[in-house]
Amino acid sequence: MAAKKSDARPTIWVIGFLVVALCVYFFLLSRTAVGLIGHGTPVSIGLGIGVFVLPLLGVWMVIATLKSGIEHQRMVAAASALGRDLDVSELPRRASGRIEKDAALELFEQVKTEWEADPLDWVNTYRIARAYDYAGDRSRAREMMKRAADQYRAAKAAEPA
């Protein structure tokens, strides 16, 4: 039985609201920084420069996070279109909704074997990143998802136009 596709609009609205709220916050921080620099004392200029760096870092983090999220969604769609996305719908779950540890580790071992057979395939790397996440190893999941994204971009660039 096919899983019901959820409506993404509420999530998109929340993300949009948070981005707008962050933009307002970054604007207010920038205005505070300009005010501090305008006082003209060495201490206020130093503080103003320090405060001005925060919105710049924030904008960079928001853009990087959005780009990464969009790319990951494209990878999910591409893996699903190939019929190779991980199906975890039948795995036993805890009351919290997380997959039970033993089932997640079993899934990981299966996916690891597939990945070891062809570690250059972006879908295999994407799948092992997801398996790491289900098994609770977040740092390796992030590392492998970055590798999968690099492989995905390389594969897209190699496709004939």
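A polar contact is a pair of N or O atoms within 3.5 Å. Keep that cut-off in mind as we walk through this structure, which is a predicted model.

## A glutamine between neighbours

Let us start with Gln151, which sits in helix α5, the stretch covering residues 138–158. The side chains of Gln151 and Thr125 are joined by a polar contact of 2.6 Å, and this counts as one because the cut-off is 3.5 Å. The side chain of Gln151 also has a polar atom 2.9 Å from the backbone oxygen of Pro119.

Is Gln151 buried or exposed? Its relative accessibility is 15%, so Gln151 counts as buried, because buried means under 20%. If we set aside the neighbours within four places in sequence, the residues in contact with Gln151 are Pro119, Leu120, Asp121, Trp122 and Thr125.

## Helix α2 from end to end

Next comes helix α2, which runs over residues 42–81. How far apart should the ends of helix α2 be? With 40 residues at 1.5 Å a residue, the helix should span 58 Å, and its end C-alpha atoms are 59 Å apart, so the two values agree. Just after α2 comes Gly83, with a positive phi of about 75 degrees.

Part of this helix is covered. The buried residues of α2 are Ser44, Gly48, Val51, Pro55, Gly58, Val62, Glu71, Met75 and Ala79. What do these buried residues pack against? Their partners are α1 (9–39), α4 (122–135) and α5. Ser44 and Gly48, both on the buried list, give a chance to recall a general point about helices. An α-helix has 3.6 residues a turn, so residues three or four places apart point the same way.

There is also a nonpolar surface patch of about 730 Å², made by Ile37, Ile45, Ile49, Val53, Leu54, Leu57, Trp60 and Met61. Which helix gives the most to this patch? That is α2, with 7 residues. One of the patch members, Leu57, is found in α2 and is partly exposed, with a relative accessible area of 42%. Another member, Ile37, belongs to helix α1 and counts as partly exposed at 35% relative accessibility. Leu57 also shows how folding brings sequence positions together in space: Leu57 and Phe26 are 31 residues apart in sequence, with their C-alpha atoms 9.7 Å apart.

## Charged partners

The count of salt bridges in the model comes to 10. Three of the pairs are set out here.

| Salt bridge | N to O distance |
|---|---|
| Arg127 and Glu114 | 2.9 Å |
| Arg140 and Asp137 | 3.0 Å |
| Arg153 and Asp150 | 2.3 Å |

Arg127 and Glu114 meet in a salt bridge. This pair links distant parts of the chain, with Arg127 in helix α4 and Glu114 in helix α3 (residues 101–117), 13 residues apart. Arg127 counts as buried at 10% relative accessibility, whereas Glu114 counts as partly exposed at 29%. In the pair of Arg140 and Asp137, Arg140 is partly exposed, at 45% relative accessibility.

Where do Arg153 and Asp150 lie? Both are in helix α5, 3 residues apart, which is about one turn of the helix. Salt bridges that share partners join Glu71, Asp150 and Arg153 into one network. Within that network, Arg153 is partly exposed, with a relative accessible area of 40%, and Asp150 is also partly exposed, at 44%.

The remaining member of the network, Glu71, is placed in helix α2 and counts as buried at 16% relative accessibility. Beyond its neighbours within four places in sequence, Glu71 is in contact with Ala149, Tyr152 and Arg153. Glu71 and Ser139 are 68 residues apart in sequence, and their C-alpha atoms are 19 Å apart in space.

## A covered helix

Our last stop is α4, the helix that holds Arg127. How many of the 14 residues of α4 are buried? The number is 13, so this helix is mostly covered. Its 14 residues should span 20 Å at 1.5 Å a residue, and its end C-alpha atoms are 20 Å apart, which agrees. Just after α4, Gly136 takes a positive phi of about 95 degrees.

Notes
Residues are numbered from 1 along each chain as its sequence is written. This is a predicted model: local features need pLDDT of at least 70, side-chain atom pairs count only at pLDDT 80 or more; totals for chains, interfaces and linings use all residues. Side-chain values use heavy atoms; hydrogens and water are left out. Helices (H or I, at least four residues) and strands (E, at least two) are DSSP runs, numbered from the N terminus. Buried means under 20% relative accessible area, exposed over 50%, partly exposed in between (1.4 Å probe, protein chains only). A polar contact is a pair of N or O atoms within 3.5 Å; within protein, one must be able to donate a hydrogen and the other to accept it, and residues adjacent in sequence count only if both atoms are side-chain atoms. Contact means heavy atoms within 4.5 Å. The expected span of a helix is 1.5 Å times one less than its number of residues. Patches are made of residues with over 30% relative accessible area and no salt bridge: like charges are joined within 9 Å, nonpolar side chains (Val, Leu, Ile, Met, Phe, Trp, Tyr) within 5 Å. Accessible areas come from the Shrake-Rupley method with a 1.4 Å probe; for residues, only the protein chains shown count as cover. A salt bridge is a side-chain nitrogen of Lys or Arg within 4 Å of a carboxyl oxygen of Asp or Glu.
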